[in-house]
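User: Please walk me through this structure at a friendly pace. I would like to begin with how its strands are defined and then look at its open spaces.

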Amino acid sequence: MSKYLKITIIGRDGSVWNVSGPGYGQQGVILKPRVSQLIDAPVKTLFVPGPFGEEYAGKRVQRREMVFTVQVGGVDIDPDTWGEIDAAWRWAWDYEEQSKMIVEVIDGSTGDTVSERYMMLRLLEEPKSYGDRDPYLTGDEEVVMTVTATFPYWRADDRVYEWSTSSTSGSYTFTVENDGDVPVWPRWSVTAPATWTLPDKSWGNDMYSRAVEDASRTVAVPALPNNAHASIDSDPRVQTIICVNGYPAQQHWKGKDLLYPVMPGVVGEMPVAFSAASGGAAVQLRIPSWYSRPWSVPVVL
């Protein structure tokens, strides 16, 4: 096992299993070699007929189907203990609830964690035991785990930026970065009452054929009345504006929306402004950290 890479499983029941790297196997389970779809996110490229064969039309990121083998038990494990370990490992996994796989890159000279990323996994198929020996005689067994991640990217903690003021109007510029290799969708939390203007710049993304025109795009959020503190999420999979008191701010937006993610490997400014506040205002910006791989960052940063 490499001293530079540590893999830990947090079971859906909260159990902790160090399966590879420094301290591996202390809980009685060891990760075997040849893990499929551990590294890059699975992608299907799309092509359409063209005048000379086919032309590239885009890509679709797919869910991961990770397959790996673990050794449950081992040397000096008695049959009764093996049975307890095997049962506890199986209880750590479920089809409905998710377990977490954490990958840490370790500094070999100091033992410090250089980076840490995680992925949420659930069973895709039943675990499959194999071998030609009775595990109650040998105290160990190899089990094939087939699991899936519907969100296929590795994640780290969000980058969080905050600003507050006692003024009734003002502006502030956040300097943000996306050190991952995939686009990420900013999330805002803003106080009320106030009228907020948020950045929605293209970052060079030409998804709407307006990369240049929208290089400095901003969007005015509908005026938020008293106690309508809002969460504003640019992720297209969810509703953009949700107020804590149920105020229907989205219905007052006249079809407007936030359009752009923060592109991979960039550092840049995101200016925010507000007016008509009462007794001050505060804003929080969260930039997710998403990666195709469990280690490394784009070289453009």
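Analyst: Two strands pair if DSSP finds at least two bridges between them. A strand here is a DSSP run (E, at least two residues), numbered from the N terminus. This is a predicted model in which local features need pLDDT of at least 70, side-chain atom pairs count only at pLDDT 80 or more, and totals for chains, interfaces and linings use all residues. Residues are numbered from 1 along each chain as its sequence is written, while side-chain values use heavy atoms, with hydrogens and water left out.

User: Which strand pairs with β13 over 4 bridges, with Gln284 opposite Ser189?

Analyst: Let's follow β13 (residues 187–190) to both of its partners. On the way to β16 (residues 230–233) there are 4 antiparallel bridges, and Arg187 stands opposite Asp233 there. Ser189 faces Gln284 instead, and the antiparallel partner joined there by 4 bridges, residues 281–291, is β19.

User: Along β13, which side chains are buried?

Analyst: The side chains alternate between two faces of the strand. Arg187 and Ser189 point to one face and are not buried (buried means under 20% relative accessible area with a 1.4 Å probe, protein chains only). Pointing to the other face, and buried, are Trp188 and Val190.

User: How many residues of β10 are buried?

Analyst: Strand β10 spans residues 140–149 and is mostly covered. Of its 10 residues, the number buried is 8.

User: Which strand is joined to β10 by 10 bridges?

Analyst: Three antiparallel partners can be compared by their bridges. Strand β8 (residues 113–123) has 2 bridges to β10, with Leu123 opposite Val147, and β9 (residues 128–130) has 3, with Tyr130 matched to Glu142. Phe68 has Met145 as its bridge partner in β10. The strand with 10 bridges, made of residues 64–73, is β6.

User: Why is one side of β12 and of β15 left without a neighbour in the sheet?

Analyst: These strands belong to an open sheet of 4 strands in the order β12-β18-β14-β15, paired antiparallel. β12 (170–178) and β15 (218–220) stand at the edges, so one side of each has no neighbour, as each has a single partner strand. For β12, 9 antiparallel bridges lead to residues 266–275, and Phe174 stands opposite Met270, in the strand named β18.

User: Which strand gives the most to the lining of the largest pocket?

Analyst: A pocket is an open set of points on a 1 Å grid over the protein atoms alone, with protein on both sides within 12 Å along at least five of seven lines, and lining residues have an atom within 4 Å of a point. This one holds about 530 Å³, and among its 20 lining residues Val61, Tyr153, Val182, Pro183 and Trp185 lie nearest the centre. The lining divides into 14 nonpolar, 2 polar and 4 charged residues. With 3 residues from the stretch 53–61, the strand that gives the most is β5.

User: How much space lies in the largest cavity?

Analyst: A cavity is a set of grid points where a 1.4 Å probe fits but cannot get out, and the structure holds 1 cavity of 30 Å³ or more. Its lining includes Trp188, Trp203, Tyr260 and Met270, and by class it has 7 nonpolar, 1 polar and 2 charged residues. The space in the largest cavity is about 50 Å³.

Notes: Points joined across faces, edges and corners; volume = space filled by probe spheres on them. Nonpolar A, V, L, I, M, F, W, Y, C, P; charged D, E, K, R; others polar. Buried < 20%, exposed > 50% of the residue type's maximum accessible area, 1.4 Å probe, protein only.
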